[in-house]
Amino acid sequence: MAERCAVIGIGQTHHTARRDDVSIAGLVREAAERALADAGLDWGDIDAVVLGKAPDMFEGVMMPELYLADALGAAGKPLLRVHTAGSVGGSTAVVAANLIQAGLHERVLTVAFEKQSESNAMWALTVKTPLQSAVVAGAGGYFAPLIRSYMQRSGAPEDTGIRVALKDRSNANKNPYAHLREPDLSFETVANSPMLWDPIRFHETCPSSDGACALVLSSERAATGGAHPPAWIHATAMRSEPTQFAGQEKVNPRAGQECAQEVYAKAGITDPRREIDCAEIYVPFSWFEPMWLENLGFAPVGSGWKMTYEGATAPDGDLPVNMSGGVLSSNPIGASGMLRFAEAAMQVRGQAGAHQVDGARTALGHAYGGGSQFFSMWIVRSERP
Amino acid sequence: MSDAERKPVRSIQTPMRLTYHYTAGIATSRFLHGIAEGRILGQRCPVCTKVYVPPRGSCPRCAVATEEEVHVSDRGTILTFAIVRVPSENLDVPLPFACVHVLLDGADVPFFSVVQGCPLDEVRIGMRVAAAWVEPDRLAPTLQSIRWFEPTGEPDVPFDQLREHL
């Protein structure tokens, strides 16, 4: 029987295009200090540190876990680095939770970051490999054809993606940490913005952000007495699948479906749309909202777009999605998955301020990475398991 | 200079260059030798019978070695595509271009390439295309031997016949 684990501290930076007032070490320390302050703890209270970030080739810093050990107070303690491409922020939190659930530690600090102003992700994701010409042009170039497949398969109205972008950017206006704040963004502005990787428009694409996120996780024994109520982790799950195989469902990946089934089963959820109050899911390009709604079992295959269209995923809908503004409004890549997990925890702690969903008690955090080969998820609740 | 006059150092550029040596392995070596002769070779999985190209010597679905060699056509059908308009310093082709997933006749996994030889707004799902090879004397064991894909003018393949590959 695993030990219970809770989120007792949450911290993040104000995500922005360029934080040249701090080094990478300064950036991660800022998020970590906010998480410790939120938990009412100090560096000495932490037993172990788990760090996540996307490929080293982005910033060109080899072994950032080594360079950041002192900034994260890890000297003399176990320090572990996790990497699962874009999903890494989520899987880093899962690994940290697993250390508590295994009974190894009482309090674990977990941190994830990206400093895109010091990196060149487009270059790193457009490398020429021996068996592939360099024609993909970054993550957008990889995912645009999959979005076109979804549009063709589902017959969704062409403005579905525009509606997702408007909703997420509107949510971001209520989040003081969000990178993009665009109160005047209109349907026409999104619709008339240039096609970067047709069918993905400029305003349907995530920004490049500098940012970090940190969580303090604790055992049940150490979870009480903080300034804020804990968010209890009821279930975690991770999955991977091969890069390419015959019959692969690139639009609705099997790894994502199975990861969702596992996390729901562990949390005792049989009807996710009814039992989950809100969800933070990894949507770097607008059309991934309806695609993941189907993959996560919130909507039947081919009809995820209807939830978007009918406003079910709006803040006042029956399943608010990406209340923080999501990846579409802030994308420090390595931290993006952890920010989803953090927002889910903030919601069930009643800590989300202007983007709080009234009465949220059960929330899903979701992240994916690679070309949709890595998935990580957790279910958090205000109630103890 | 006083401390107040010294500005913080906000950015230092440090260029990095990487050159890799790639060992192709048995299956991929045979594929690359085929390419140097203007032929596309795949391998069939003995369990699920799916044909992989380029072959990697195993089937990721069945976790078994693939040994049976199969000739795959250099013609195929566009499964899906994107029109790339974003610059990136190491792209192989000038912008804008159509990046496509081509299902070669006789293969069961898509091949990533670009389409040239028609206006971009004519590129569509189901369109028939064929590989445009470099001149015979320039053929080499590298994918650069296929310059791009071009429309063949054959009738489109209906979407329902492609559904399982999307």
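This is a short tour of a predicted two-chain model, stop by stop.

Before you click anything, note that residues count from 1 along each chain as its sequence is written, and that chains are lettered from A and ligands numbered from 1 in the order in which they are written. Because the model is predicted, local features need pLDDT of at least 70 and side-chain atom pairs count only at pLDDT 80 or more, while totals for chains, interfaces and linings use all residues.

**Stop 1: the sheet in chain A**

Colour chain A by strand (helices are DSSP runs of H or I with at least four residues, strands are runs of E with at least two, numbered from the N terminus). You'll find an open sheet of nine strands with mixed pairing, in the order 3-2-4-7-1-8-11-10-9. Strand 3 (79–82) and strand 9 sit at the edges with a single partner strand each, so one side of each has no neighbour in the sheet. Ignoring direction, neighbouring strands are turned by 25 degrees against each other on average.

**Stop 2: strand 10**

Now select residues 362–369 of chain A, which form strand 10. Is this strand buried or exposed? Eight of its eight residues are buried (20 or more other C-beta atoms within 10 Å of the residue's own, with 12 or fewer counting as exposed and anything in between as partly exposed; C-beta atoms are placed from the backbone). Thr362(A), Leu364(A), His366(A) and Tyr368(A) lie on one side, with Ala363(A), Gly365(A), Ala367(A) and Gly369(A) on the other.

Add its partners (strands pair if DSSP finds at least two bridges between them). Strand 9 (residues 278–280) runs parallel to strand 10, joined by three bridges, and Ala279(A) stands opposite Leu364(A). Strand 11 (residues 374–381) runs antiparallel to strand 10, with eight bridges; look for Ala363(A) opposite Val380(A). In the hairpin of strands 10 and 11, four residues lie between the strands, and Gly370(A) takes a positive phi near 65 degrees.

**Stop 3: helices**

Show helix 1 (residues 24–39) of chain A: this helix lies across strand 1 (5–12), strand 4 (107–115) and strand 7 (210–219), at about 130 degrees to strand 1 (axes are lines fitted to C-alpha atoms, for helices over the stretch in contact, and angles run from 0 to 180 degrees between N-to-C directions).

Next, pick residues 288–295 of chain A. All eight residues of helix 10 are buried, so the helix is largely enclosed by the rest of the structure. Its cover includes helix 5 (138–154), helix 6 (160–172), helix 8 (254–267), helix 11 (304–310) and strand 10. After helix 10 comes Gly297(A), with a positive phi near 80 degrees.

**Stop 4: where the chains meet**

Bring chain B into view. How many residues does each chain give to the contact? Chain B gives 36 and chain A gives 34 (residues are in contact if their C-beta atoms, placed from the backbone, lie within 7 Å). On the chain B side, strand 6 (75–84), strand 7 (97–104) and strand 8 (111–115) each give two or more residues, and strand 6 gives the most, with five.

Finish on strand 5 (residues 195–198) of chain A, which two bridges join to strand 6 of chain B, running antiparallel. Here Trp197(A) stands opposite Val84(B).
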